[in-house]
Amino acid sequence: MIGDWLDIGSAQQIEAGTARTLPVEDASGAKVREIAVFRTMRGEFFAIENTCPHRQGPLSQGIVHGDVVTCPLHNWNISLRTGMALGGDEGCVPTIPLRVDAGRLYLLRSAVIGSGNQAEAA
Ligand code: FES
């Protein structure tokens with residue numbers, strides 16, 4: 001069971017209201033995408049692709065309020081829970097299942113890496 005989950009480190013590494021990024025690399029070491037792991041002010045954790053569905057803004061640099069992040073480029077609001085754009089905006093960013101166990105963060109391995117890929121925390 002634990003092999004299904006990728007340990008990405010201590011939950012303490014992410015301050016409330018902020019995010020850390022996790023690059024996902026292919027077998028050659030080239031970054032293919034980036035995951036943003038958020039901690040809300042209420043202490044919940046969420047993982048989503050670090051790419052705004054509008055014009056690929058870095059959501060990890062946005063403002064977190066409740067379980068929503070506001071993109072730093074054009075202020076779209078993205079649900080951290082569902083990945084959906086809120087309000088009148090349309091779009092969706094993939095979410096990655098995350099769990100917290102004994103103070104450590106785990107992402108569902110199959111949602112992070114495909115065969116032959118490696119992930120490395122930033
Ligand atoms: S790129 Fe995120 S709102 Fe435009």
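**Exercise 1.** In this predicted model, find out which residue of strand 10 is the bridge partner of R99.

*Solution.* Start with the strands: strand 9 covers 98-101, and strand 10 covers residues 104-108. The two run antiparallel and share four bridges. Look across from R99 and you land on Y106, its bridge partner in strand 10. Now follow the chain through the hairpin: two residues sit between the strands, and A102 takes a positive phi near 55°.

**Exercise 2.** Work out the strand order of the sheet, and say why strand 1 and strand 9 each have one side without a neighbour.

*Solution.* Take the pairings one at a time. Strand 10 pairs with strand 9 over four bridges. Strand 1 pairs with strand 10 too, antiparallel and over five bridges; here W5 stands opposite L108. Put these together and you get an open sheet of three strands, in the order 1-10-9. Strand 1 (5-10) and strand 9 are at the edges with a single partner strand each, so one side of each has no neighbour in the sheet. As for twist, neighbouring strands are turned by 30° against each other on average, ignoring direction.

**Exercise 3.** Go back to R99 and find the ring of Y106: how far from its centre is the charged end of R99? Then check W5.

*Solution.* First, Y106: the charged end of R99 sits over this ring, 5.0 Å from the centre. Next, W5: R99 lies over its face, again with 5.0 Å to the ring centre. Both values fit a cut-off of within 6 Å. Finally, try ring against ring: with centres required to lie within 6.5 Å, the count of aromatic pairs is zero.

Conventions: Residues are numbered from 1 along each chain as its sequence is written. This is a predicted model: local features need pLDDT of at least 70, side-chain atom pairs count only at pLDDT 80 or more; totals for chains, interfaces and linings use all residues. Side-chain values use heavy atoms; hydrogens and water are left out. Two strands pair if DSSP finds at least two bridges between them. Axes are lines fitted to C-alpha atoms, for helices over the stretch in contact, and angles run from 0 to 180 degrees between N-to-C directions. Rings of Phe, Tyr and Trp (its six-membered ring) pair if their centres lie within 6.5 Å; planes under 30 degrees apart count as stacked, over 60 as edge-to-face and the rest as tilted. A charge sits over a ring if NZ of Lys or CZ of Arg is within 6 Å of the ring centre and within 35 degrees of the ring normal.
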